[in-house]
Amino acid sequence: MALASPRFKPSNTLNKVATNRTTLQQGAVGRAVHLVQMALLDLGYTMPNSTSNANYSPDGIYGEETKRVVKQFQKDSRTLVDDGVVGQKTIQELDRRLTTFKHRVRLHFRSIALTNVPFHRSLANAEVVFGQYGIKIEFASGQSLGLTSDQQQLFKKIDQDCKWELKDGEFNQLQGLGSPAPASDILVFHVNTFADNDLLGCGGHAKNRPACTIAARAGAWDTAHEVCHVLLGSSFAPVHVPDHRNLMHATEPFLTATPVLTDRQVAQIRTSVCCAPI
Ligand SMILES: [Zn+2]
């Protein structure tokens, strides 16, 4: 039976496990292992070794500890054979336990520019990244903003440095355009470019007005990246992580594989006012 949970559904490897074409066991490494470890953490199991590397945590390494925790999960289920191997029945049981989303984040899109990456792809990518952790990205509204010629001139290029809290200036003016959104939702603005041409997005916004701004030339994961900045907030460190598989790598806009988050980042995101339990 195919997997149903948002965490596992997009993973080819885990779907192969679910259809009995492969198993995950000690020695396996990679994103599929990371997703299983994260699922186990969310079910209340602890893995101090596998979560010790803050840049890619859980580490995606199926070692002694993961085997032990899988065995424990199997024992606790009372129906699975406790062999410490994630096979068809074990992945299906994990999937069944985590079928529904536990949190949701509502996004309102406001656009003054066409994006290089099709909009539906940026949205779908954000859905997949956060969905891996049981967080549902909801499209709340979309508006293409009609600008006056003065506004067109002004917002052709956003001439302001990106800061966490934007008290005034072009970002503020921009983020005041269009229909407002509740303070528990995030506004996502698509613009042409920034004065700093290397900048692809900015998570800065006015207090209690969560918003981020994305440049037209941004990559397929940048919307998810900037939304993640808003969700993590200004107090979370590190802001960017050196591991290029993480969504919050500073300069990895053209990732090919679906990026991951660390358990610490996910825990912080779940505390955001914009991330509501469902
Ligand atoms: Zn960033």
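Trainee: Where is Y45 found?

Mentor: This is a predicted model. In it, Y45 is found in the loop between α2 (31-42) and α3 (64-77).

Trainee: Is Y45 buried, exposed or partly exposed?

Mentor: Y45 is partly exposed, as 16 other C-beta atoms lie within 10 Å. A residue would need 20 or more to be buried.

Trainee: Which residues does Y45 touch, not counting residues up to four places away in sequence?

Mentor: On that basis, Y45 touches L40, V69, Q72 and F73.

Trainee: How many Å separate the C-alpha atoms of Y45 and I214?

Mentor: Those C-alpha atoms are separated by 37 Å, and the two residues are 169 residues apart along the chain.

Trainee: Which peptide bond is cis in the loop that also holds P58?

Mentor: The bond from S57 to P58 is cis, with omega near -5 degrees. P58 has its place in the loop between α2 and α3. The peptide bond from A237 to P238 is cis as well, again with omega near -5 degrees. P238 sits in the loop between α8 and α9 (263-269).

Trainee: Turning to strands, why is β4 described as largely enclosed by the rest of the structure?

Mentor: Strand β4 covers residues 186-191, and 6 of its 6 residues are buried, so the strand is largely enclosed by the rest of the structure.

Trainee: Which residues lie on each side of β4?

Mentor: I186, V188 and H190 are on one side, while L187, F189 and V191 are on the other. These residues are all buried, and both faces of β4 are thus covered.

Trainee: In which sense does β4 pair with β1, parallel or antiparallel?

Mentor: Strand β1 (residues 103-111) pairs with β4 in the parallel sense, over 5 bridges. One bridge partner pair is S111 and H190, the latter in β4.

Trainee: And how many bridges are there between β4 and β7?

Mentor: There are 5 bridges between β4 and strand β7 (residues 211-215), and the pairing is parallel. Here L187 has A211 in β7 as its bridge partner.

Trainee: What joins β1 to β2?

Mentor: Strand β2 (residues 135-144) runs parallel to β1, and 9 bridges join the two. Within this pairing, L107 stands opposite F139 in β2.

Trainee: What kind of unit do β1, α5 and β2 make?

Mentor: Together they make a right-handed β-α-β unit.

Trainee: At what angle do α5 and α8 pack?

Mentor: Helix α5 (residues 119-131) and helix α8 (residues 222-232) pack at an angle of about 55 degrees, and their axes are 8 Å apart. The two helices are therefore oblique to each other.

Trainee: Which residues meet where α5 packs on α8?

Mentor: From α5, the residues are S122, N125, A126 and V129; they meet T223, A224 and V227 in α8. By class, the contact has 4 nonpolar and 3 polar residues, with no charged residues.

Trainee: Where does V117 lie?

Mentor: V117 lies in the loop between β1 and α5. Its surroundings hold 19 other C-beta atoms within 10 Å, so V117 is partly exposed.

Trainee: Which residues does V117 touch, leaving out those up to four places away in sequence?

Mentor: V117 touches S122, A218, G219 and A220. V117 and A220 are 103 residues apart in sequence, yet their C-alpha atoms are 5.9 Å apart in space.

Trainee: Next, the backbone. Which sign does phi of R78 have, positive or negative?

Mentor: Phi of R78 is positive, near 65 degrees, in a residue other than glycine. R78 is found in the loop between α3 and α4 (88-97). R78 is exposed, with 6 other C-beta atoms within 10 Å.

Trainee: What about phi of N208?

Mentor: N208 is not a glycine, although its phi is positive, at about 60 degrees. N208 lies in the loop between β6 (201-202) and β7. With 8 C-beta neighbours inside 10 Å, N208 counts as exposed.

Trainee: Finally, where is the place of K16?

Mentor: K16 is in helix α1 (residues 12-18). K16 counts as partly exposed, with 16 C-beta neighbours inside 10 Å. Leaving aside its neighbours within four places in sequence, K16 is in contact with R21 and T22.

Trainee: How many Å apart are K16 and I186 in space?

Mentor: K16 and I186 are 36 Å apart, C-alpha to C-alpha, and 170 residues apart in sequence.

Terms used: Residues are numbered from 1 along each chain as its sequence is written. This is a predicted model: local features need pLDDT of at least 70, side-chain atom pairs count only at pLDDT 80 or more; totals for chains, interfaces and linings use all residues. A residue is buried if 20 or more other C-beta atoms lie within 10 Å of its own, exposed if 12 or fewer, and partly exposed in between; C-beta atoms are placed from the backbone. Helices (H or I, at least four residues) and strands (E, at least two) are DSSP runs, numbered from the N terminus. Two strands pair if DSSP finds at least two bridges between them. Axes are lines fitted to C-alpha atoms, for helices over the stretch in contact, and angles run from 0 to 180 degrees between N-to-C directions. Angles under 35 degrees count as roughly parallel, over 145 as roughly antiparallel, 65 to 115 as roughly perpendicular and the rest as oblique. Two residues are in contact if their C-beta atoms, placed from the backbone, lie within 7 Å. Ala, Val, Leu, Ile, Met, Phe, Trp, Tyr, Cys and Pro count as nonpolar, Asp, Glu, Lys and Arg as charged, and the others, Gly among them, as polar. A crossover is right-handed if, with the strands pointing away from the viewer, the path from the first strand over the helix to the second runs clockwise.
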